[in-house]
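Trainee: Please take a close look at the empty space in this protein. I would like the pockets and the cavity described, along with the elements around them.

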Amino acid sequence: MGNFREVLGINEVSSSKVINAVWKALLAEFLGNFLLNFFGCGSVIVMAFSAEHKPNFVLVSLTFGLVVFVCVQALGHVSGAHLNPAVTAGMLSVGNIKVVKAILYVIVQCIGALAGSATLKALLPEEWHNSGLGLTNLNPKITPLQGFGFEFFLGFVLVLVVSGVCDPNRPEAKAAGPLAIGLAVALGHMGAINLTGASMNPARSFGSAVIAGIWENHWVYWVGPIAGGVVAALIYHHALRAPTLTTVKIIERYSTVADEKELRRLDGTKEDNFA
């Protein structure tokens, strides 16, 4: 029974020592998805009602990419800043998060996205409510199966980047992680926003669908990104992970750095002597 509880991660949400951290993580996931739908879907509406009435996909792409960058930078230390059921599913598939915690993450991600879209609707003029409020839907020329394919690869590239920058054996990638993830989101939007709306995120699409009351082809935005995210996480975990940093390698790395600093110091001393 104890092993079963450990596998599911029940201990993570029942132990008094960690329950406070879990609640903070859930709050972070809620806030991240709230801001994603509020600002991201807001940019879609601004584009729809711009004076020129011309689609500005770069504006929307950069807005979604920037809000993800900001949220990962601000909240990553609290929850890991999944902000996306596809990312959570990918991390679950390789054992980086337990089942119970993953389910809680997905629930609060959806609630956060819903709250963001609802707040956006409440703050907008009523005549703008018919715009779809950032709803993701398929281009009329794209079939649901094709839409699934695009969303699969959108989820794939996002989780591949997340896996790469979060690799514990690549500490040099950590600093650039939030920017890399934000750019992956912007890339996905620039490449597919006119085809599927470039959801990449089931919670983001869920929030908009609930507020708009439109569920056409909604399954595409769950199955596609989650399947792509799981495949990317498994490929990275089993084939692309950086080699483990052994104690010897760590010592060698620091010794090399120390030697380089000493050489630079000696060079500086020689220059001073000649002067």
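Mentor: What follows goes from the overall fold to the pockets, then to the cavity, and ends with two local views.

The model is predicted. The protein has ten helices and zero strands. From the N terminus, the order reads α-α-α-α-α-α-α-α-α-α. Of its 275 residues, 41% are buried. Take the contacts between residues at least 6 apart in sequence: 76% of these join residues at least 24 apart. The exposed surface comes to about 14,700 Å², and carbon and sulfur atoms supply 67% of that area.

Now the open spaces. Rolling a probe the size of a water molecule over the atoms shows where empty space is left.

The largest pocket has a volume of about 960 Å³. Its lining counts 45 residues, and those closest to its centre are Gly-80, Val-162, Val-165, Cys-166 and Ile-181. Several helices take part. H3, H4, H5, H6 (144-165), H7 (177-192) and H9 each supply at least two lining residues. H3 gives the most, with seven residues. By class, this lining holds 24 nonpolar, 15 polar and six charged residues.

The second largest pocket has a volume of about 330 Å³. Here 19 residues form the lining, and Leu-135, Asn-137, Ile-193, Asn-194 and Gly-197 are the closest to the centre. Two elements give two or more residues to this lining, H2 and H3. H3 again gives the most, this time with three residues. The classes split into eleven nonpolar, seven polar and one charged residues.

Next, the enclosed space. A search of the whole structure finds one cavity of 30 Å³ or more. About 40 Å³ of space lies in it. The residues lining this cavity are Leu-135, Thr-136, Asn-137, Ser-205, Ala-209, Ile-214, Glu-216, His-218 and Tyr-221. Four of them are nonpolar, four are polar and one is charged. Leu-135 and Asn-137 belong to this cavity lining, and both also appear among the residues closest to the centre of the second largest pocket.

Turn to helix H5, which contributes to the lining of the largest pocket. H5 covers residues 99-123, a run of 25 residues. From its first C-alpha to its last, H5 reaches 36 Å, close to the 36 Å expected at 1.5 Å a residue. Its buried residues are Ala-102, Tyr-105, Val-108, Gln-109, Cys-110, Gly-112, Ala-113, Gly-116, Ser-117 and Leu-120. Which helices do the buried residues of H5 pack against? The partners are H2 (19-48), H3 (57-79), H4 (85-93), H8 (202-212) and H9 (220-240). Of these partners, H3, H4 and H9 also supply residues to the lining of the largest pocket, while H2 and H3 supply residues to that of the second largest.

Finally, one residue. Ala-192 sits in helix H7. Is Ala-192 buried or exposed? Ala-192 counts as buried because its relative accessible area is 4%, and the cut-off for buried is under 20%. Beyond its neighbours within four places in sequence, Ala-192 is in contact with Leu-154, Gly-197 and Ala-198. Leu-154 lies 38 residues away along the chain, yet the two C-alpha atoms are separated by 8.3 Å. Gly-197, another of these contacts, is one of the residues closest to the centre of the second largest pocket.

Terms used:
Residues are numbered from 1 along each chain as its sequence is written. This is a predicted model: local features need pLDDT of at least 70, side-chain atom pairs count only at pLDDT 80 or more; totals for chains, interfaces and linings use all residues. Side-chain values use heavy atoms; hydrogens and water are left out. On a 1 Å grid over the protein atoms alone, a cavity is a set of points where a 1.4 Å probe fits but cannot get out, and a pocket is an open set with protein on both sides within 12 Å along at least five of seven lines; lining residues have an atom within 4 Å of a point. Grid points are joined across faces, edges and corners, and a volume is the space filled by probe spheres set on the points. Ala, Val, Leu, Ile, Met, Phe, Trp, Tyr, Cys and Pro count as nonpolar, Asp, Glu, Lys and Arg as charged, and the others, Gly among them, as polar. Helices (H or I, at least four residues) and strands (E, at least two) are DSSP runs, numbered from the N terminus. Buried means under 20% relative accessible area, exposed over 50%, partly exposed in between (1.4 Å probe, protein chains only). Contact means heavy atoms within 4.5 Å. Accessible areas come from the Shrake-Rupley method with a 1.4 Å probe; for residues, only the protein chains shown count as cover. The expected span of a helix is 1.5 Å times one less than its number of residues.
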